[in-house]
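I wanted to know how the charged side chains pair up here and how the sheets and helices are laid out. These are my notes from going through the model.

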Amino acid sequence: MLKAQEGEILKTAFLANLSHEIRTPLNGILGFTDVLSYYLEDNNELTQYLNLIKTSGKQLLGILSDVLVMSKIEAGQIELKKDNIYLDKFLQEIYIFFLPQAKIHALKLVIEKDNTRETCCVIADAIRLRQVIDNLINNALKFTKEGEIKFGYLIKEDQIHFFVKDTGIGIDPEHHDKIFERFQQVEQDYLKNFNGIGLGLAICKSLVEIMGGRIGIKSEINKGSEFYFSIPYIKGTNIEENINEKINKKKNAISKILIVDDEPINLILLEEIIKTEFGDVILTATNGKEAVKQCLNNENINLVLIDIKMPVMNGIEATKIIKEKRPELIIIAQSAYNAQSDKKNAIQAGCNDFISKPIQKYDLVNMIKKHIFFEVEIM
């Protein structure tokens, strides 16, 4: 039994390292497709090719993430956080993320909220909850050729009921139990043209059960599908601040942004993203020791984007030293490792935020705006 547990831990560690090594080049591939799209937005043919590259890269990233999450589930290494989640805003962010994909497929995307409550705050693990809903919506997009996809929630007594409904091809009821088994796909003729490794729904089931809930499906062939799951309703605290008041109280200007990364491709990519949005405000360093020196000798630096894994001195050690001398300095950690423990370690070291590679331009720009200007782009 002990050897089996050790084997699972070693496997998870290996996959985490593999994830890091794959995410690093993917950061360059996906990042530069964003940059090129910015410059080639008038060239429809080239933009179409770039979108195909981006889609393929995201598919690879999704497979990698699924394998890593399932490995952690099998090793019993999933630790739940207690986040205060504003459900309506949470679902709106998911809607904004999936809307472009829905438009590409000519599908209508609809949110259905619990209108009996003005503001609904709940305590749950935001990352794991997002993983489940994202997987279910991706599944709906995959199997829906026309019509619409609806997703939302309803609170009943001590449970939050989430759902994702589609007008897709549906699944024969005799296969409903099988689809939640890992590495299983329903073998039906009308499903043979759809790719996948059969982990998405198994991950959903495992994560929902870890969160103390249950998952199920209602579906018939050619009548669409509804995936639903419930988790315990733990009421959160409504502590949302008025963004406009924050902007009036303090609105900084960007003096200098220090980018710290030992990978040349990442440095070029991040410089390009920041330059096109904020202008020529960039300084660079290739390890934590250089970052510490620059931050302590240049008061004009008011934001640092620092990689976690670097030679000479890593990002965690550098952050601790910088924060001792300049506690007000905004530091955003970036990492190709995507584990919750990495984010936790970065925040505990003093980082103000954390972004995972591959870094998307929209996400990074909004994160910088949030910390410098207290404003986020709303679509």
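I call something a salt bridge when a side-chain nitrogen of Lys or Arg sits within 4 Å of a carboxyl oxygen of Asp or Glu. Worth remembering throughout: I'm working from a predicted model.

**Entry 1: salt bridges around strand 2**

I started with the tally, and the structure holds twelve salt bridges. Glu112, Glu148 and Lys150 caught my eye, since salt bridges link them in a network. I pulled up the contact between glutamate 112 and lysine 150, and got 3.3 Å from N to O. Glutamate 112 belongs to strand 2 (residues 108-112) and lysine 150 to strand 4 (residues 148-156), so this pair ties together parts 38 residues apart in sequence.

Are these two buried or exposed? Neither, as it turns out: glutamate 112 is partly exposed at 29% relative accessible area, and lysine 150 is partly exposed at 24%.

**Entry 2: the sheet that holds that pair**

Next I looked at how the strands are arranged. Strands 2 and 4 belong to an open sheet of five strands, ordered 2-4-5-7-6, with mixed pairing. Strand 2 and strand 6 (214-219) are the edges, each pairing on one side only. Averaged over this sheet, neighbouring strands are turned by 15° against each other, direction ignored.

Zooming in on the edge, I found strand 2 and strand 4 running parallel, joined by five bridges. Lysine 108 stands opposite glutamate 148 of strand 4, and Glu148 is one of the residues in the network from my first entry.

**Entry 3: helix 4 and its partner**

What lies across this sheet? Helix 4 (residues 126-143) does, over strand 4, strand 5 (159-166) and strand 7 (225-232), and it runs at about 175° to strand 7.

I then checked helix 4 against helix 5 (residues 200-210): they pack at about 150°, with axes 9 Å apart. That makes the two helices roughly antiparallel, because angles over 145 degrees count that way. The crossing of helix 4 past helix 5 is left-handed. For the contacts, I noted that helix 4 brings residues including Val132, Leu136 and Asn139, while helix 5 brings Leu201, Ile203 and Leu207 among others.

**Entry 4: the parallel sheet**

On to another open sheet of five strands, ordered 9-8-10-11-12 and parallel in its pairing. Its edges are strand 9 (282-285) and strand 12, each of which pairs on one side only. The average turn between neighbouring strands is 20° here, direction ignored.

Strand 11 (residues 330-335) pairs with strand 12 over four bridges, in the parallel sense, and serine 335 stands opposite serine 356 of strand 12. Helix 7 (residues 264-278) packs on this sheet, touching strand 8 (256-260), strand 9, strand 10 and strand 11, and its direction makes about 165° with that of strand 9. Helix 9 (residues 315-325) lies across strand 10 and strand 11, at about 160° to strand 10.

**Entry 5: two more salt bridges**

I went back to the charges for aspartate 307 and lysine 357, whose closest N and O atoms are 3.3 Å apart. Aspartate 307 is in strand 10 (residues 301-307), lysine 357 in the loop between strand 12 (353-356) and helix 11 (361-372), and 50 residues separate them. Aspartate 307 counts as buried at 3% relative accessibility, and lysine 357 counts as buried at 2%.

Last lookup: glutamate 328 and arginine 326 form a salt bridge at 3.4 Å. Glutamate 328 is exposed at 53%, whereas arginine 326 is buried at 11%.

How values were computed:
Residues are numbered from 1 along each chain as its sequence is written. This is a predicted model: local features need pLDDT of at least 70, side-chain atom pairs count only at pLDDT 80 or more; totals for chains, interfaces and linings use all residues. Side-chain values use heavy atoms; hydrogens and water are left out. Buried means under 20% relative accessible area, exposed over 50%, partly exposed in between (1.4 Å probe, protein chains only). Two strands pair if DSSP finds at least two bridges between them. Axes are lines fitted to C-alpha atoms, for helices over the stretch in contact, and angles run from 0 to 180 degrees between N-to-C directions. Contact means heavy atoms within 4.5 Å. Angles under 35 degrees count as roughly parallel, over 145 as roughly antiparallel, 65 to 115 as roughly perpendicular and the rest as oblique. A crossing is left-handed if the near helix is turned anticlockwise from the far one by less than a right angle, and right-handed if clockwise.
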